[in-house]
Amino acid sequence: MAIASALSSSTSKLFSFASLSFRLRTLTTTARSARSNCSAASKKRKEKQELRQRVVVKEKRRTRSDREFHLETIKRYGGTGTHIPAMLGEVLDVFPASKQLRYFVDCTVGAAGHSSAIIEGHPEMEVYVGLDVDPVALEKARARINSVLHDPNPSSLKAYTFLENFRYVKSLLCDVDETLVETGIDGILMDLGMSSMQVNDPQRGFGVLANGPLDMRMDPQANLKAEDILNSWPDNEVGRILRDYGEESNWFSLQNRIVRARSQGGLHTTGDLVDLIKSATPLSREGRQGWIKTATRVFQALRIAVNDELKTLEDSLYASFDCLAPGGRLAVISFHSLEDRIVKQTFLDIINVKDRDVDVDMIEEAAGKKDLRKIMSDIDENEAWIKQTVQGLRGIILTKRPITPSETEESLNSRARSAKLRVIQKL
């Protein structure tokens, strides 16, 4: 009996120790979990801080325009609500009335919002050349420019407009007057954005929210359409376009869905493509905004591929700079990172003559004879928009950091939010 009692007491103690040990382990696990949660929370806070720092750094890489935004001026040169010229005031600062502008070229005339304002600001202008591949836009531009030239008094300005891509700018100038390329152009403008009248027309296929044919041609006479790429190009080429031109992280899944859609009749309307994008976009990705952002990137990628925009842009930047007169300026407004990257790098290559068939020794000798201090002093002291410059052998980049729209313009014209203005001046 005593033995049984002792055994019972001993067993009770063992259970008591086991229970205590279990509770200790539970407390230890809870403490570890708490530490882990604290560590995770701390890690998230650190990531947020790093993200904020990156955003601050990114902000510093641009110069937000501090120019006063005049809504009445925008309405005057923007015409109807279907077209609002981006960064109009900033462009007028680049080509101020204080600087002679006898010869001017608008490589992307659109509805002539920028052009009409520049023509009015320079009564001394002798020759104006406007280019565009969109016949609807060019028709509007011709009407607007003709109105400016005859209001209030007829002008002696010779205005030429061409339904052509700006990659042919040099040959077109020779067609106008062979001496133009020799004497040089005082100012050239490129606005790489799409006008509202193009985006808002469903038949053009540029808009994400309106159903229409998968076209996306800037030049309606061109052969290649977005529909052709989606339904017949090799699958790896479709994926490359989405990845490189749209910078879309979900490109592989979209590529596979696009290829599978071919066996079911293919994609023929923007609505078909949007439905495919919706089905491929996880619901957790920012809800409705998630698929819209993905669709915007996909549509951008296809538009770039259809119109060969990036290669055309690079070639045209070199050609346009070659057409400038000494002291002439080339201003470019881009609207997405791929374009801006090309403009930035091409400007740097141009002023330093990298990888081009040019006698660098001759250019260095010529640059040595020029008084850069005099050249810089020629830049109007009132040009407050020039913050930092980059000097090279052949030119000066007047915007080390791109200029972006003012906060007021961004709030009134949402399509201008991504605009970046870069300017180069020839020596």
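This passage describes salt bridges in a predicted model and the surroundings of the residues that form them. A search of the whole structure finds 15 salt bridges, and three of the pairs, together with one network, are considered here.

The side chains of Lys-170 and Asp-322 meet in a salt bridge with an N to O distance of 3.5 Å. Because Lys-170 belongs to helix α6 (residues 169–176) and Asp-322 to helix α14 (residues 309–323), this pair ties together parts that are 152 residues apart in sequence. Lys-170 is partly exposed, at a relative accessible area of 34%, and Asp-322 is likewise partly exposed, at 23%. The pair also takes part in a wider arrangement, in which Lys-170, Asp-322 and Arg-394 are linked in a network of salt bridges.

A further salt bridge, with an N to O distance of 2.7 Å, joins the side chains of Glu-248 and Arg-297. Here, too, distant parts of the chain are linked, since Glu-248 is found in the loop between α10 (235–245) and α11 (251–262), whereas Arg-297 lies in helix α13 (residues 288–307), 49 residues apart. The two partners fall into separate accessibility classes: Glu-248 counts as buried because its relative accessibility is 2%, under the 20% cut-off, while Arg-297 is partly exposed, with a relative accessible area of 25%.

In the pair formed by Glu-309 and Arg-303, the side chains meet in a salt bridge at 2.9 Å, N to O, and both Glu-309 and Arg-303 are buried.

Technical notes
Residues numbered from 1 in each chain as written. Predicted model: local features only at pLDDT ≥ 70, side-chain atom pairs only at ≥ 80, totals over all residues. Heavy atoms only, no water. Salt bridge = Lys/Arg side-chain N within 4 Å of Asp/Glu carboxyl O. Helix = DSSP H or I, 4+ residues; strand = E, 2+ residues; numbered from the N terminus. Buried < 20%, exposed > 50% of the residue type's maximum accessible area, 1.4 Å probe, protein only.
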